[in-house]
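Subject: Structure for your review

Dear colleague,

Please find below the structure that I am handing over to you. I would be grateful if you could keep it open beside this message as you read.

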Amino acid sequence: MKREVSGIPPVTSGLQNGLLDIALSPQFSEKREIYFTFSEPGGDLAVARARLCEEGAALSLDRVEIAWREAKANNGSFWGGVITFDPDGRHFFLAVRDSARLSTDSSGAQDPDRHLGKVLRLNLDGTTPADNPFADAGGIRGQVWTLGHRTAYGLAFAPDGRLWLHEMGPEGGDEFNLLEPGGNYGWPVVSNGNDYGGSPIPHHETRPDFKAPALYWTPIIAPAGLAFYTGDMFPDWRGQALITGLRGQSLVRVSIQADGSARQIDRWDMGARIRDVAIAGDGAV
């Protein structure tokens with residue numbers, strides 16, 4: 001059932017921008033607070049938090065405030081903006097996709113003074129945690145949790161508390177990455193795919209100083225949604241990742257080992273581009 005929600009701040013939409021992601025605050029049950037990411041007029045990416053109000057059949061947002069915004073470098077129409085909270089509910093993580101389509105384009109993923117191509121870790125009010133890996137550097141650098149990412153649309157904690165991210169490669173090399181604080185995952189210097197048009201990019205094994213993906217796909221699946229299974233309907237799936245594919249038109253099931261390795265177990269052809277996946281209260285997918 002869909003219901004209209006009023007009180008949303010002005011949003012710029014077009015291509016891959018607009019309202020991007022939404023997540024319930026860790027205090028949602030008490031405060032009815034939600035977080036959402038969107039493209040502001042002028043092109044900036046913003047994270048807002050607000051109270052969800054319900055009066056009869058009417059839904060509205062109240063006390064809308066911007067917790068964080070990217071105002072240093074306009075990224076055009078490709079923000080990503082996926083958000084998640086850590087298990088203890090004290091921080092939110094934000095994945096900001098890179099501006100570079102090719103490895104030869106101007107990229108922000110290796111630039112420590114740009115948010116592009118990074119996963120950020122922030123306090124619930126948008127300030128920088130003192131225990132971030134680069135917190136002492138302050139500014140943008142202080143907000144960074146990991147860097148060297150391309151097009152991240154899946155970001156979630158596994159039941160064991162580890163944080164995972166998947167990102168789209170160019171022609172091949174979609175990645176599923178276990179995120180470690182301060183880790184650099186190599187884009188655009190390395191990739192397990194080629195640039196559009198076939199020009200080669202050095203593979204991860206050529207640069208062991210970068211973090212290699214736990215799993216990658218060539219040909220691509222164009223991963224979009226990500227959820228970890230915790231339900232009862234399919235007990236053998238508990239702790240495994242479910243990933244949706246756009247170009248791959250699929251739902252993929254991935255097992256994860258204690259050492260951080262990952263393996264595709266199933267890939268179901270859905271016959272359509274699948275944007276997202278979620279686990280229902282009864283364990284249905």
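The paragraphs below set out what was found in this structure.

Please note at the outset that the model is predicted.

I begin with the chain as a whole. Its secondary structure comprises two helices and 17 strands. The chain is as compact as a globular protein of its length, because its radius of gyration of 18 Å is close to the 19 Å that the globule rule gives for 285 residues. Along the principal axes, the C-alpha atoms fill a box of roughly 55 × 45 × 35 Å. Of the 285 residues, 52% are buried. If one takes the contacts between residues at least 6 apart in sequence, 54% of them join residues at least 24 apart.

The next topic is empty space. Rolling a probe the size of a water molecule over the atoms shows where such space is left. How many cavities of 30 Å³ or more does a search of the whole structure find? The search finds one, and the space in this largest cavity is about 40 Å³. Its lining consists of Arg-150, Glu-167, Met-168, Gly-169, Pro-170, Gly-173, Glu-175, Trp-187 and Ser-191. Sorted by class, these lining residues are three nonpolar, three polar and three charged.

The second largest pocket has a volume of about 350 Å³. Two elements, β2 (19-24) and β3 (33-39), each give two or more residues to its lining. Strand β2 gives the most, with six residues. Also to be found in the lining of this pocket are residues including Val-5, Ile-8, Leu-52 and Leu-61. By class, the lining of the second largest pocket has eleven nonpolar residues, no polar residues and one charged residue.

Finally, I draw your attention to one residue, Arg-253, which lies in strand β16 (residues 250-256). Is Arg-253 buried or exposed? Its relative accessible area is 10%, and a residue counts as buried under 20%, so Arg-253 is buried. The side chain of Arg-253 makes a polar contact with the side chain of Gln-240, at 2.6 Å. Gln-240 also appears among the residues in contact with Arg-253 when neighbours within four places in sequence are left aside. The others in that list are Asp-236, Trp-237, Ala-241, Leu-242, Arg-263, Gln-264, Ile-265, Asp-266 and Trp-268.

With kind regards

Note on methods
Residues are numbered from 1 along each chain as its sequence is written. This is a predicted model: local features need pLDDT of at least 70, side-chain atom pairs count only at pLDDT 80 or more; totals for chains, interfaces and linings use all residues. Side-chain values use heavy atoms; hydrogens and water are left out. Helices (H or I, at least four residues) and strands (E, at least two) are DSSP runs, numbered from the N terminus. Buried means under 20% relative accessible area, exposed over 50%, partly exposed in between (1.4 Å probe, protein chains only). A polar contact is a pair of N or O atoms within 3.5 Å; within protein, one must be able to donate a hydrogen and the other to accept it, and residues adjacent in sequence count only if both atoms are side-chain atoms. Contact means heavy atoms within 4.5 Å. On a 1 Å grid over the protein atoms alone, a cavity is a set of points where a 1.4 Å probe fits but cannot get out, and a pocket is an open set with protein on both sides within 12 Å along at least five of seven lines; lining residues have an atom within 4 Å of a point. Grid points are joined across faces, edges and corners, and a volume is the space filled by probe spheres set on the points. Ala, Val, Leu, Ile, Met, Phe, Trp, Tyr, Cys and Pro count as nonpolar, Asp, Glu, Lys and Arg as charged, and the others, Gly among them, as polar. The radius of gyration is taken over C-alpha atoms; the globule rule is 2.2 Å times the number of residues to the power 0.38.
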